[in-house]
Structure formats: structure tokens, C-alpha cells
Amino acid sequence: MRITALFIVAASALALAAPAHAKTIAVAAGEGGQSRLQEALIVAEPGDVVQLGAGRFVLTDGLSLDVKGVTVRGAGMDATVLDFSGQKGAGEGLLVTSDEVTLRDFAVENTKGDGIKSKGADNIVYYRVRVTWTGGPKETNGAYGIYPVSSTGVLIDGCKVSGASDAGIYVGQSKAITVRYNFVEQSVAGIEIENSRDALVTGNMVTRNTGGILIFDLPNLPVMGGGNTIIEDNLVVANDTPNFAPKGNIVAGVPRGTGVMVMANDGVLIRSNTISDNPTAQVLVVAYPKPFTDKTYNPLPRNVILSGNRFSGGGNEPQLPGGDMLKAAFGGRLPDVIWDGIGKPPMAKDPLQILSLGVPGPEVGMAEASPSLLNLVPPALSATPAGVGAPTALDARAQP
Amino acid sequence: MKVLAAALLLAGAAIAARAQAPVSAQVRERAITNGASPQNLSEFGFFVDPGAQSPAPGVTPYRLNTPLWSDGSEKLRFVYLPAGTKALADEDGLLKFPVGTALIKTFKLEGRLIETRVLLHRETGWLALPYQWNAEQTDAKLVVAGARIEAKTPAGEAISYAIPNKNQCKECHALGDTVTPIGPKARNLSAVWLTDFAKAGKLDHAPKVARRIPLWEDRAKVPVAVAARAYLDVNCAHCHNPVGAASNSGLFLGWEIGDPVMLGFAKRPVAAGRGSGGLEYDIVPGKPEQSILYYRMANLEGGVSMPELGRASLDRDGLTIIHAWIRGLR
């Protein structure tokens, strides 16, 4: 009898843990998909699963989800496709504005603006989601594929993005971030972490983009002071697509063939990556190069640390001012790590020579540059980023 | 048997009540405040004659000095406060409405009622619901998922008019996580209306407004900067404010903003994508054609067009004012 009683207690505890009447709302592809799907996303209650059937949902307007704790789940990133080729309105395909949401196992294609945006959506999980612009790299493609912003707790795992005219995966003005095991190609930036802190970027494959992984901090934004970020165990290979970002966007200034790029930021550890065949610079560390008036903004990269990366090839077609002369001077390819020379140089845990472009200060430009080779010094232990990544509780929502 | 008969009678009475709803002259306060989302607009009883939009007792019409553009559609605005309650004035800001308040906005195109959006102030906060009018123009039905309608603007352009879905209502009406009215700010209401509303016992006092938003039809009579800032406040600032849907852009276009970079002067875009149109700055003083703000207003493509919601054609009068304002900036 005691055992039975215990059983009842355990069962009630379980019942309390999940919302009392969490349910699954099935939505099939086909006629009226726009309103049926949007309605499901509106009537869903916390804990519910909106289950998308296999097939193609032909959509005319952006979708949105504003209910906490909902899972949107398809039949697989190649089986369930939200097709926005005929989209008439809204700035993105799917917008999420509630916390604790899981998006998984579906694809978003050909949105007019961004693919999936989540704003102020804490503890969000993107798992095995695909965002594709099917016409390849084009300036008329949407800007960001997967776009969480202004959020605490972001996990992007096992996703695939292709064709973004800005960044395939872009995390902005957020903290506690993990971007892992994703594949991004044919975008201007593969993965971009901007004005964010405590990010872990690991185990991703970024190739055929203009730039592979970008860690940026920009002025005049509500959240600044990016840093404390680790980039490790990624494959950053042959990012050689000509830059197709519309002018005016910061990534339009990323040279074709950049592997990992750090701009401004405090504390970025670049460790144990395989960085190959990126024709301008395998690693590029720079200050914010444009004029700004924001007195609270620090344009310099600080505490950038390199450790145990495997470099091969690259630096053979540098799209930098004076690149051809530099290339000739270095016997056909530039060193793997290039620093603009502004502020303090990056540091290295292993013996590494870098090319300093010797630009004397921000807003000066390459005309005054005086390039030189530097031996890097090891960092102080205290400078190493720690405590990065999304809360581990999110892992439970990123399982097959 | 008695129970069954009673139940049948009750059901019959309910059906009879529903059938009479459109001609009711009494606002049903419980429809505003209880937890459900009424399926038909008539269930609120806001109108004596819904087709003519003649308001029921206690439902007060109002207008905004400068309204949201919305493809030039004609808009009829009403406010209902529960009997015995009043709103509180908060200087030139949003009137503070008591629980039980309903704000009602009907959109007309080509002389026909298209949709009515209601904002209901419940114990749990404001709730926004969209209703689409039927072909007979007798009632409107809740469309939580929104709808698209082929229509013609007053300028004669054929458009695909979008009734927003419930979430899209919130995109514009949210400050942080809280849904809020946008329009009825004292600065965008006339002094006469505020005084009358106070005299009717619906407002604690008619507030003094230091800088009132001008009447849009008077835009040629006021300094262009005033008309332009009024336009940006009303059409853009519900998202472009520090706690709005566009907070991460850092571009803030409210009436009260003074910081030039926040207003877009020599400010670079952050996440504009192709919305930048190949341009470097949100506003280049003196050069509207080089200003992203003007470019996006003058564009209708998804991913470029601003505002993102609530329009399908160009606002030529608005563009004229913004063009003149930027051209005159130094």
C-alpha cells in the first residue's frame, strides 16, 4: 500500500511538472494552410505542441508565435517546408516573441526578409531547422536565416542555412548563447554573434560564405559591450563567395575569404578550430573602422586569444588594400592571423606569428598602414573567457 | 423532464437574445471583461446600428490629430468606459483607462466597412482582437488569424489589404511584454475633445499639453519638422521606441526623442539587410534619396517596406513631408 501511495505522489508530481492539459495541435499542409497554421500558433497554450505535417505549406504572410513554452515541430527539415516564395507582407517568415519556445524539424524557404526571428524570446531552442533561399547567393535574398535577438538563453543546434544576404545564423544583443553542430553555406556571414556576451560557437561547419564566423560589437545600439565568447572545434573552410550583402550593412565590408573575424569585443577565445583555405585571412582581428559618436562604445578588440587551431592554405587571394603587394612580400600567401594594428594585438597560447597591418588608429584607413610581422605573447589566465553557453536545461529540448 | 424542458427554454432564450444582438442599444460590459473572445462584434453591443456605425449610449467617438496612415482608409474611432468610471489624464501622454474600457476602431474602404479592431482592458491587461465585416455589413466576425481582402484605396490603387492577426495586433501594441493602446495620447487629441470628455465625467481633468501633435490636414501650415516628427511618431514610433518591437534597431522615432543618432541622423543600420537599399545611413541631412528611412517608406517589397505591417500602398502625402523635412535638414 505504501508503494501505491508513493506512486500516486510521483504521478502527481509529474502532472505538476507539465502544464495540466498540454496537447498536440496537428496542422496539415494544403488548402488554407496560412490561416490554419497561424490560428494554431495563436490558440496554442503553454506546453502545447503545434505539429506540422509533412509537405509544403504555401504561405502569403509572415507567421508569429507569442505563447510561452510552445513547441513547433515538423516532420523533418526536408519533409515539412514553410514556403514563403509568394510572401506579401511582414519582415520575416516566422516571428517568435515568447519565452521557452522550441522550433524543430521543419524548413523555411525563400522569405522576403529574415527567415525566423525571435525577439525578447528567452531560452529559445532551434533544433534541426533549415532556412534556405533556394536561388543561391543573391542580394535580393533575406538578410538573416536564424535571427534570435534581445534574448537571454539561446540554443541553435543542428540547423542548416543557405543563401542569407547577411548572416546565416545571427545572434544579436543577447547573452548565454550556444551555436553548435550547424551547417551554414552560401551566405555573406556564416555565423555572426553581435553585441552579445557569453556565447559558445562550437562544432559548426561554415563554408562557401563570404566570411565564416564573425564576432562583432557595434555602436549606437541598446546593448553593447560584446565579448566573453568561445569559438572552438569548428570547421571554417573555403569561405570564398564574393560579398553579396547590400551596401550599408556592416557585413558588406567583410572581405571575401575571411575565416574567423573579430571586431571590437572584449574576450574572444578562438581554440582548436580547423581553419582552411579562406583566401583573404584565416583569422582577422580589427577595430570598428567607421566614425561614431557614441561615448560609451569601445571600438577596440581586447583579450582576443588564439590556441591550438589547425591552419592550412588560405591567404592566397587577399582582398585587402595593398593585398597583392603583401602577398608577394610573403611569398604567395599571407600569414594565418591578420590584425589591423589598432589597440593591443591578439594573444596566443602557442608560438604564432601574425601580420600586423600597422594601421595607426581608428578611422585612419590603410593609406597610412605600415605592415609588420609580430610574435604573439601568451595571455594572462584571467583573460580567458569562461561561463559561456546556453543554460544546460535547454539541452533536453534538443534531442532527436 | 422538467429539467430538460427548462434547459430547452433557456437555450431558446439565448438564441433569441443572439438574434436580437445587432439592434441592441446596450454595451455588454461582461463581453469586454470576461475571459472569452466574442466571436461576433455584435456581442459587445457597441453600436445601435452597426452598418451605420452609430454608437450605443456611452460609446464616444474621437479622432486623432494625426492618424496612422493605413492605406488612406477611413477610420472611425470610439471609446467606451464602464458606467461610473473615468480615465486619468497623464500630462500629454496616453490616457489611463480603467479596466472595462474598450477602444474600437473601424476601417472603411470604398464606402464599405472592412474590419473593426477592438482593444479590451481586462483584469489581465489589454487584449487586441480583429473582426472582419460580412458582405451584408450587418456584423463582423472574429478573425484571430487575420485575413486578406482585395480592395481599392481612396487613391484608386488595387491592393491586397491585410487584416492583422491577433499577434500582429500585439506587435504594434506591445511595450515590452505589455499590450497598450497607441492612439489616445493627450498630445494627439484635440483640447476641445479632452474638455468635453472631462465634462462628460469620463476623464478626471483636461490636461495641459505643452506640445500638441498638429492636425494632419494642417501639415502645410506648420513647420515641416513638426509635421514630419508628428508623422514619424504616429506611423513609426509604436515599434521604433526603446521597448517596442524595433528596440534592437536603436532607431527611435518618438515625438519626445531629441538625440540625433537615435533619430537616425548619420546612424548606420544594424539589421536592415536589403532594406538598406545600398545606402549607408538612416537619415542623411539634406539628402532624402540617400536616406534609408525615406527609401523604405517609398518601397512596397516585403523585407524592405516600412512600416512592416498595416499598409500595401505608398503614402504619397507622408513621403512628401518626410522628403521636404530631410531635404531641409543641415
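**Exercise 1. Salt bridges over all chains**

Task: State how many salt bridges the rule counts over all chains of this predicted model, and which residues salt bridges with shared partners join into one network.

Solution.
Step 1. Over all chains, the count comes to 25 salt bridges.
Step 2. One of the pairs lies in chain B, where B:Asp282 forms a salt bridge with B:Lys267 and the closest N and O atoms are 4.0 Å apart.
Step 3. Both partners, B:Asp282 and B:Lys267, sit in the loop between helix 5 (224-235) and helix 6 (292-297) of chain B, 15 residues apart. B:Asp282 and B:Lys267 are both buried.
Step 4. Through shared partners, salt bridges join A:Arg56, A:Asp78, A:Asp83, A:Glu109 and A:Arg130 into one network.

**Exercise 2. Two pairs within chain A**

Task: For the salt bridges A:Arg73 with A:Asp105 and A:Arg180 with A:Asp157, place each partner in its element and decide whether each is buried, partly exposed or exposed.

Solution.
Step 1. The side chains of A:Arg73 and A:Asp105 meet at 3.8 Å, N to O.
Step 2. A:Arg73 belongs to strand 5 of chain A, while A:Asp105 is in the loop between strand 8 and strand 9 (107-109) of chain A; the pair links distant parts of the chain, 32 residues apart.
Step 3. The cut-off for buried is under 20% relative accessible area, and partly exposed runs from there up to 50%. A:Arg73 has 30% relative accessibility, so A:Arg73 counts as partly exposed. A:Asp105 has 11%, so A:Asp105 is buried.
Step 4. In the other pair, the side chains of A:Arg180 and A:Asp157 meet at 2.8 Å, N to O. A:Arg180 lies in strand 17 (residues 175-180) of chain A and A:Asp157 in strand 14 (residues 152-157) of chain A, so this salt bridge ties together parts that are 23 residues apart in sequence.
Step 5. A:Arg180, at 14% relative accessibility, counts as buried. A:Asp157, at 6%, counts as buried too.

**Exercise 3. The surroundings of A:Ala75 and A:Arg104**

Task: Locate A:Ala75 and A:Arg104, and decide whether each is buried or partly exposed.

Solution.
Step 1. A:Ala75 is in the loop between strand 5 (71-73) and strand 6 (80-83) of chain A. With a relative accessible area of 48%, A:Ala75 is partly exposed.
Step 2. Leaving out residues up to four places away in sequence, A:Ala75 touches A:Leu52, A:Ala54, A:Thr80 and A:Asp105. From A:Ala75 to A:Ala107 the C-alpha distance is 9.7 Å, with their positions 32 residues apart in sequence.
Step 3. A:Arg104 is part of strand 8 (residues 102-104) of chain A. A:Arg104 has 6% relative accessibility and so counts as buried.
Step 4. With the same sequence neighbours left out, the residues that A:Arg104 touches include A:Arg73, A:Gly74, A:Tyr127, A:Arg128 and A:Arg397.

**Exercise 4. Nonpolar cores**

Task: Find which members of the largest nonpolar core touch the most other members.

Solution.
Step 1. The core has 65 residues, and A:Leu82, A:Leu103 and A:Phe106 touch the most other members.
Step 2. Helix 2 (residues 33-43) of chain A gives the most to this core, with 3 residues.
Step 3. Beyond four places in sequence, the contacts of A:Phe106 include A:Leu52, A:Val72, A:Met77, A:Leu82, A:Leu94 and A:Ile116.
Step 4. Another core, apart from this one, has 36 residues, among them A:Ala189, A:Phe244, A:Tyr288 and B:Val270.

**Exercise 5. The polar residue A:Asn228**

Task: Which side chain does the side chain of A:Asn228 meet in a polar contact?

Solution.
Step 1. A:Asn228 is in strand 23 (residues 227-232) of chain A. Its relative accessible area is 14%, so A:Asn228 is buried.
Step 2. The polar contact is with the side chain of A:Asp198, at 2.8 Å.
Step 3. Outside four places in sequence, A:Asn228 also contacts residues including A:Arg197, A:Asp266 and A:Pro385.

**Exercise 6. The interface of chain B and chain A**

Task: Describe the interface by residues, area and pairs.

Solution.
Step 1. Contact involves 33 residues of chain B and 43 residues of chain A.
Step 2. The buried area is about 3,000 Å², and carbon and sulfur atoms give 49% of it. In chain B, B:Asn167, B:Asn248 and B:Arg274 lose the most area to chain A, together 20% of what that side buries.
Step 3. Between the chains the count is 2 salt bridges. One salt bridge joins the side chains of A:Asp66 and B:Lys170 at 2.6 Å, N to O.
Step 4. The rule also finds 14 residue pairs in polar contact across the interface. Helix 3 (residues 166-173) of chain B supplies the largest share of the side of chain B that touches chain A, 5 residues.
Step 5. By class, that side of chain B has 10 nonpolar, 14 polar and 9 charged residues.

Key
Residues numbered from 1 in each chain as written. Chains lettered and ligands numbered in written order. Predicted model: local features only at pLDDT ≥ 70, side-chain atom pairs only at ≥ 80, totals over all residues. Heavy atoms only, no water. Contact = heavy atoms within 4.5 Å. Buried area = accessible area lost by both parts, 1.4 Å probe. Polar contact = N/O pair within 3.5 Å; in protein donor to acceptor, adjacent residues only side chain to side chain. Helix = DSSP H or I, 4+ residues; strand = E, 2+ residues; numbered from the N terminus. Nonpolar A, V, L, I, M, F, W, Y, C, P; charged D, E, K, R; others polar. Core = buried A, V, L, I, M, F, W, Y, C linked by side-chain atoms within 4.5 Å. Buried < 20%, exposed > 50% of the residue type's maximum accessible area, 1.4 Å probe, protein only.
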